[in-house]
Amino acid sequence: NIFMIEKKKTELYQELGLQARDLRFQHVMSIATRNNRIIMRMEFLKAVITPEFLLILDYRNLNLEHWLLNELASQLAGEGQLVTYSLPFEFRAIEAILQYWISKLQGRLNTLQPQIVETLEALVDPKLLSVDRSKLHILLQNGKSLSELETDVKVFKETILEILDEEEVIEELCLSKWTDPQVFEESASGIDHAEEMELLLENYYRQAEDLLNEARELRVLIDDSESIIFINLDSHRNVMMRLNLQLTMGTFSVSLFGLIGVAFGMNLESSLEEDPRIFWLVTGIMFLGSGLIWRRLLSFLGRHLDPPLPPHVPAVLKKSQPAAGRVEIKTSLKGETFGLNRSTLTNQ
């Protein structure tokens, strides 16, 4: 049965037998027991569980109607996929809330993962000489969302781990064990409900651990891709710096032999300007000298910037001692075989 009620907080905690501080829900995550009531805080999802009903508080502004009406009702009735359908009501209620929260975290990761992978593939492309700033902005936002997701998963995992470390708290979570005589008899006859509750919490603890590992792998992928992006940018920057250096060398070479043209361009009279071949001779010397100087500078640059070749290993050093040992063994075996053949022929 699903119904909605509106009550003042004072009336509600008096009816439930709780204190005012028990319903003072902050946006934190915790699972606690008070007066045979389970109080669950999953950030914005706040619930009170009793052996008879599950109370979801302040749900109207959280878009929980679809989950409450279509999924939660069938799960609590035993029609869903919960593994605790044969156990008391509080088991199904706790598992339904934990499953909703872990599914919500998994959905956030499934939304972020393809966006991050697509953005990284576009940024790591070696054909691009520059980085798209819009892609970097998207990656920054996704990285922030991923950090928030990692924090939420860690808090969820630590909350469950705190309960697993306390056997008394696990016993207190089994509400029907202390209120229902039939459940108490089942527990006394060998059906340990506390162990079932521990297994339930361990299951969702492992799911949270797997989810956290996936988020960490995605974080490592982002860090590795950032390193590749920086390496590509440094490589392109080095190419541009080398090109700039080569052009500077060319300018220096042309300027150096351009002094000859400057000398002939002065308004001084000499006998050389009367010869028509002097112009082509001087121009050829300028271009040839500039080309030779530039070529010389480029070879100097290549010798100092290009990585050296690996040293040549002589053929004698490539033969190792074990190989020589095998050669000797083969030789001795051949000798023995030949000797055996000779003796056999002689006997015959």
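**Reading strands and helix pairs**

Mentor: Hello! Let's begin with one residue pair: Met42 stands opposite Leu45 in E3. Keep in mind that this is a predicted model.

Trainee: Thanks! In which sense do strand E2 and strand E3 pair, and over how many bridges?

Mentor: They run antiparallel: strand E2, residues 38-42, and strand E3, residues 45-49, are joined over 5 bridges.

Trainee: What is the order of the strands in the open sheet?

Mentor: Reading across, the order is E1-E2-E3-E4, so to speak a row of 4 strands with antiparallel pairing. At the edges you find strand E1 (29-33) and strand E4 (54-57), each of which pairs on one side only. On average, neighbouring strands in this sheet are turned by 10° against each other, direction ignored.

Trainee: Now the helices. How are two packed helices described?

Mentor: Two numbers do the job: the angle between the axes and the distance between them. Take helix H3 (residues 89-123) and helix H8 (residues 193-265): their axes come within 11 Å and cross at roughly 10°. Angles under 35 degrees count as roughly parallel, and H3 and H8 are therefore roughly parallel to each other. Their contact holds 21 nonpolar, 6 polar and 3 charged residues.

Trainee: And at what angle do the axes of H3 and helix H4 cross?

Mentor: At roughly 155°, with the axes of H3 and H4 (residues 133-164) coming within 10 Å. Over 145 degrees counts as roughly antiparallel, so that is how H3 and H4 are arranged. This contact of H3 with H4 has 17 nonpolar, 4 polar and 4 charged residues.

Trainee: Is the crossing of H3 and H4 left-handed or right-handed?

Mentor: The H3 and H4 crossing is left-handed.

Terms used:
Residues are numbered from 1 along each chain as its sequence is written. This is a predicted model: local features need pLDDT of at least 70, side-chain atom pairs count only at pLDDT 80 or more; totals for chains, interfaces and linings use all residues. Side-chain values use heavy atoms; hydrogens and water are left out. Two strands pair if DSSP finds at least two bridges between them. Helices (H or I, at least four residues) and strands (E, at least two) are DSSP runs, numbered from the N terminus. Axes are lines fitted to C-alpha atoms, for helices over the stretch in contact, and angles run from 0 to 180 degrees between N-to-C directions. Angles under 35 degrees count as roughly parallel, over 145 as roughly antiparallel, 65 to 115 as roughly perpendicular and the rest as oblique. Ala, Val, Leu, Ile, Met, Phe, Trp, Tyr, Cys and Pro count as nonpolar, Asp, Glu, Lys and Arg as charged, and the others, Gly among them, as polar. A crossing is left-handed if the near helix is turned anticlockwise from the far one by less than a right angle, and right-handed if clockwise.
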